[in-house]
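Me: I have a model open and some labels I'd like to see justified. Can we go through them one by one?

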Amino acid sequence: MCYDVGMKEDRAERRERKRAARAAKQKERIERHVVVCPHCGKNVLDHMTECPHCKGALQPAGYRPVDPAKYKKIKLICTAVGIAVAVAVVIVIFVTR
Ligand SMILES: [Zn+2]
């Protein structure tokens, strides 16, 4: 009987430890995205575009405005590659007939 209760307690304790570990992991994950607002010095999350405390503009991490010249170049390359692939497919279709 005493043994049974001990087992149950052990399980509850293990579950509690698991829950605490999960909570700690989640906290760590959130803290990785915490940055300091350059306007008011309070903690904000790195994806925010506006500080919730002082409404100052923030530069979100992972977002960089695309350079228009670079964008044009990438678009041109993609168009050229697309045309080349289309021509290659057409040639393959006509040659293999
Ligand atoms: Zn702020």
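Reply: Sure, and let's begin with contacts: of those in the protein chain with a separation of 6 or more, 0% are between residues 24 or more positions apart. Keep in mind that this is a predicted model.

Me: What makes a pair of residues count as being in contact?

Reply: Their C-beta atoms, placed from the backbone, have to lie within 7 Å.

Me: How do you know how the protein chain compares with a compact globule?

Reply: Set the two radii side by side: a compact globule of 97 residues would come out near 13 Å, but the protein chain has 28 Å. The box along the principal axes, roughly 85 × 55 × 15 Å, describes the space its C-alpha atoms fill. As for burial, buried residues are 1% of the 97.

Me: What is the order of helices and strands along the sequence?

Reply: The pattern reads α-β-β-α, with two helices and two strands in the protein chain.

Me: Why is H2 said to lie largely in the open?

Reply: A residue needs 20 or more other C-beta atoms within 10 Å to be buried. Of the 28 residues of H2, the number that are buried is zero, so the helix lies largely in the open.

Me: And how do you know how the length of H2 compares with what is expected?

Reply: From first C-alpha to last, H2 reaches 40 Å, close to the 40 Å expected at 1.5 Å a residue.

Me: Which elements have the lowest and the highest mean pLDDT?

Reply: Helix H1 (residues 2-31) has the lowest, 86, while helix H2 (residues 68-95) has the highest, 96. For the whole protein chain the mean is 89, and 93% of residues reach 70 or more.

Me: Why is Lys55 called exposed?

Reply: The cut-off for exposed is 12 or fewer C-beta neighbours. Lys55 has 9 inside 10 Å, so it counts as exposed. Lys55 sits in the loop between strand E2 (43-45) and H2, and its phi is positive, about 65°, although it is not a glycine.

Me: What makes Gly56 partly exposed?

Reply: Partly exposed falls between the 12 or fewer of exposed and the 20 or more of buried. Gly56 has 14 other C-beta atoms within 10 Å, so partly exposed it is. Gly56 is also in the loop between E2 and H2.

Me: Which residues does Gly56 touch, leaving out those up to four places away in sequence?

Reply: Cys37, His39, Cys40 and Cys51. Glu16, on the other hand, is 40 residues from Gly56 along the chain, and their C-alpha atoms are separated by 41 Å.

Conventions
Residues numbered from 1 in each chain as written. Predicted model: local features only at pLDDT ≥ 70, side-chain atom pairs only at ≥ 80, totals over all residues. pLDDT = per-residue confidence, 0-100. Helix = DSSP H or I, 4+ residues; strand = E, 2+ residues; numbered from the N terminus. Expected span 1.5 Å × (residues − 1). Rg over C-alpha atoms; globule rule 2.2 N^0.38 Å. Contact = placed C-beta atoms within 7 Å.
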